[in-house]
Amino acid sequence: MCGVVGIAGKSPVNQMLFDALTMLQHRGQDAAGIVTCHEGRLFLRKDNGMVRDVFHTRHMRALLGNYGIGHVRYPTAGSSSSAEAQPFYVNSPYGITLAHNGNLTNAEEIHDDLFKTDLRHMNTDSDSEVLLNVFAHEMQKNGKLNPAAEDIFQVVTRVHERCKGAYGVVAMITGHGLVGFRDPNGIRPLIYGSRETEQGMEYIIASESVAITALGFKVERDIEPGEAIFITSEGEMFTKQCAENPEYRPCIFEYVYFARPDAIIDGISVYKARLKMGEKLAYKISREWGEEHDIDVVIPIPDTSRTSALELANILGVKFREGFMKNRYIGRTFIMPGQQQREKSVRQKLNPVELEFKGKNVLLVDDSIVRGTTCNEIIQMARDAGAKKVFFASAAPMVKYPNVYGIDMPAKDELIASGRSVEEIREIIGADRLIFQDLEDLKGAVRTSKVPALQEFDCSVFDGVYVAGGIDAAYLDELERKRNDSAKKAVGGYIDVNIDAASVDLTGVKEE
C-alpha cells in the first residue's frame, strides 16, 4: 500500500507536496519521494524513512517548480532499498516521472517483454518501474513531439491493455503536463480536486480526499475505474474513460483498515462505513451470544477499530473505554517479517490501563485478524491486567487469502484463518469467545444509496476472488515463496534496509 499525489500549480508546489504526503503518511512509512519540474528541468529527492525525516530545509529549497508528484511507500514487491523509493524516472521520451499505488500481477511477464521486445532496461525489481516503462514505451510509439490530450489517453488505453492488477498512478511528462489514471476495476483509490487562485486554476490528484481538503482544494470527484485525467503545462484539464469494460470493484480493505477515517473514497465516508461495521457486528453478537452476553466493557485495539467499537458498544448498551494507550512511534506489526519481532513490537506499541480490565469481562475489538500473533499478545496483556474474561471481535471477516493488489499480507500458510475454523482460531489466540464480521454484512456496511454504481468490491482476502483475473494456484504459490517470513529474512526483510540516500545519476534530473 502506498500514497500518491500530483499537483499542477501556479506557484511553487514543494511545500504543498510535502503537506499532502504528510496527510498520506498512514499509507506508507517505509520511504518518501518528491520530484518537481522547473523550466524543463527535474528536481528529485527520495529516501527511506518518514516524510519528516526525508525532507529537510535544504531539500525543500531545491525542489523548484509549479508542477510535481510525490509518493509514500511501504514495499509489497521487490525490496525495500532506497533505490526503489519513488517517484521513478525515465529519460526517453520527454523525461517521465511516475508514482504508483498498487501492484501489477503480470509484472514479471511484462518485464521480459520490455527487455526482449521493447528494448527497455530496468534497474530494480519494482513493478512500478515496469509500469513506468510501459507508459514511456507507449508514449515513444505515439511519436508526437507535442502530445495532445487525446494522445495521452490513447497511451493510457494501451497501458490498460498490457497491465493487469491494481494501480492508482500520477505521472509527470516534462514540459507537457500531469497525468493521473486508475486501473479498470478501480481497486486502488484516486481522486482529484481544484482551487481558483489569482494566477489561475490549480489541480491536485491524490490517493485520498484528506490530502486535497487539507491543502484548501475543493474535492471535484473520484477518478473512475479506467479513467485518466490530463492537466497540460498551460493548466487546461481533460478527462476520458480509457478502459474498454471498466467495473467498480474497489478494495474493501481500504474501508476496513488503510484509509483515514475522515477520508471519502468513491463517494463513501470511511468513518460512516466503520460505524456501520460496528453496528452490524453488534447485531451478530446479539444473535449468536444472546442478549445476556455478559460483556462489561468494550475496548478497541487502537486506532483503526475505535470507530467500529464505539458504535458496537452503543448498540449493545455497554460501556466503551480506552483500555490501551498507543506508542505512535512503532510501525505496523503485520508487515514485520519475524514473529518474535512482531510480538516484541506489540508490547512496545500498546500499554494497558489496568483499572479498565481488572475483574471485568472485556470485549476487545480489532479491525481484522491477519496472523493472529498480535491478538494473542493483546489478549494475554488484558489477562495480565486483571481481566476476568477476554472476548475478541473482528470488524472484518476471516482473512483467508493473500492480497495481490498492493497490500503486503503474508503468505497463505501464515494467515491464521487459512484452513481453520473460528473455534480453532479462538483456541490459538487464547480468547474466551471470538466472533468475526460476515462478508455480506461488511459489504452492506460500505454500500450506500448515494453511490448506486458501487455494489461490489474486491474482497479477495476474504473470499479468494481476484477481480482483475489472471490469478491461479501457480501464481499464489510463487507469491507465497516470496512473501513468507523465511524469504524476507533471506533478503534482509523489511526491517534491515539500506538507509543511505538514493544515489542516482540521471540525465536531466537533479537529486539533492
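User: In this predicted model, how do the axes of helix 5 and helix 6 lie, that is, within what distance do they come and at roughly what angle do they cross?

Analyst: The model is predicted, and in it the axes of helix 5 (residues 127-142) and helix 6 (residues 149-162) come within 9 Å and cross at roughly 135°.

User: Why is helix 5 called oblique to helix 6?

Analyst: The crossing angle is roughly 135°, and the name roughly antiparallel is kept for angles over 145 degrees, while roughly perpendicular covers 65 to 115 degrees. The value falls into neither range, and therefore helix 5 counts as oblique to helix 6. The crossing in which helix 5 passes helix 6 is right-handed.

User: Which residues of helix 5 and helix 6 meet, and what kinds of residue make up the contact?

Analyst: From helix 5 come L131, V134, F135, H137, E138, M139 and N142, and they meet D151, I152, Q154, V155, V156, R158, V159 and R162 of helix 6. The residues of this contact divide into eight nonpolar, three polar and four charged.

User: UniProt lists C2 for "active site" in an unreviewed entry; why is C2 called buried?

Analyst: The relative accessibility of C2 is 7%, and a residue counts as buried when this value is under 20%, so C2 belongs to the buried residues. C2 lies in strand 1 (residues 2-8), and, leaving aside its neighbours within four places in sequence, C2 is in contact with R27, H71, V72, R73, Y74, H100, N101 and S207.

User: How do you know that the residues under the UniProt annotation "binding site" gather at one spot?

Analyst: That annotation, which comes from an unreviewed entry, covers T304, D366 and D367. They span 64 residues in sequence, yet no two of their C-alpha atoms are more than 7.6 Å apart, and therefore they gather at one spot.

User: Are D366 and D367 buried or exposed, and how do you know?

Analyst: Both are buried, because the cut-off is under 20%, and D366 has a relative accessibility of 9%, while that of D367 is 6%. D366 lies in strand 20, whereas D367 has its place in the loop between strand 20 and helix 12 (373-384). Not counting residues up to four places away in sequence, D367 touches V256, Y257, T304, S305, S394, A395 and A396. With neighbours within four places in sequence left aside, D366 is in contact with I301, S305, F392, A393, S394 and A395.

User: What is stated about the phi angles of D266 and D294, and what makes D266 buried but D294 partly exposed?

Analyst: D266 has a positive phi of about 55° although it is not a glycine, and the phi of D294, which is also positive in a residue other than glycine, is near 55°. D266 has a relative accessibility of 3%, which means that D266 is buried, since the limit is under 20%. D294 has a relative accessible area of 33%, which lies between 20% and 50%, so D294 is called partly exposed. D266 is found in the loop between strand 14 (264-265) and strand 15 (268-269), and D294 in the loop between helix 9 and strand 16.

User: Which peptide bonds before P87 and P93 are cis, and what are their omega values?

Analyst: The bond from Q86 to P87 is cis, with omega near 10°, and a cis peptide bond also joins S92 and P93, where omega is about -5°. P87 has its place in the loop between strand 4 (67-73) and strand 5 (88-90).

Terms used
Residues are numbered from 1 along each chain as its sequence is written. This is a predicted model: local features need pLDDT of at least 70, side-chain atom pairs count only at pLDDT 80 or more; totals for chains, interfaces and linings use all residues. Side-chain values use heavy atoms; hydrogens and water are left out. Helices (H or I, at least four residues) and strands (E, at least two) are DSSP runs, numbered from the N terminus. Buried means under 20% relative accessible area, exposed over 50%, partly exposed in between (1.4 Å probe, protein chains only). Contact means heavy atoms within 4.5 Å. Axes are lines fitted to C-alpha atoms, for helices over the stretch in contact, and angles run from 0 to 180 degrees between N-to-C directions. Angles under 35 degrees count as roughly parallel, over 145 as roughly antiparallel, 65 to 115 as roughly perpendicular and the rest as oblique. A crossing is left-handed if the near helix is turned anticlockwise from the far one by less than a right angle, and right-handed if clockwise. Ala, Val, Leu, Ile, Met, Phe, Trp, Tyr, Cys and Pro count as nonpolar, Asp, Glu, Lys and Arg as charged, and the others, Gly among them, as polar. UniProt positions are given in the numbering used here, feature names are shortened, and annotations may be inferred rather than shown by experiment.
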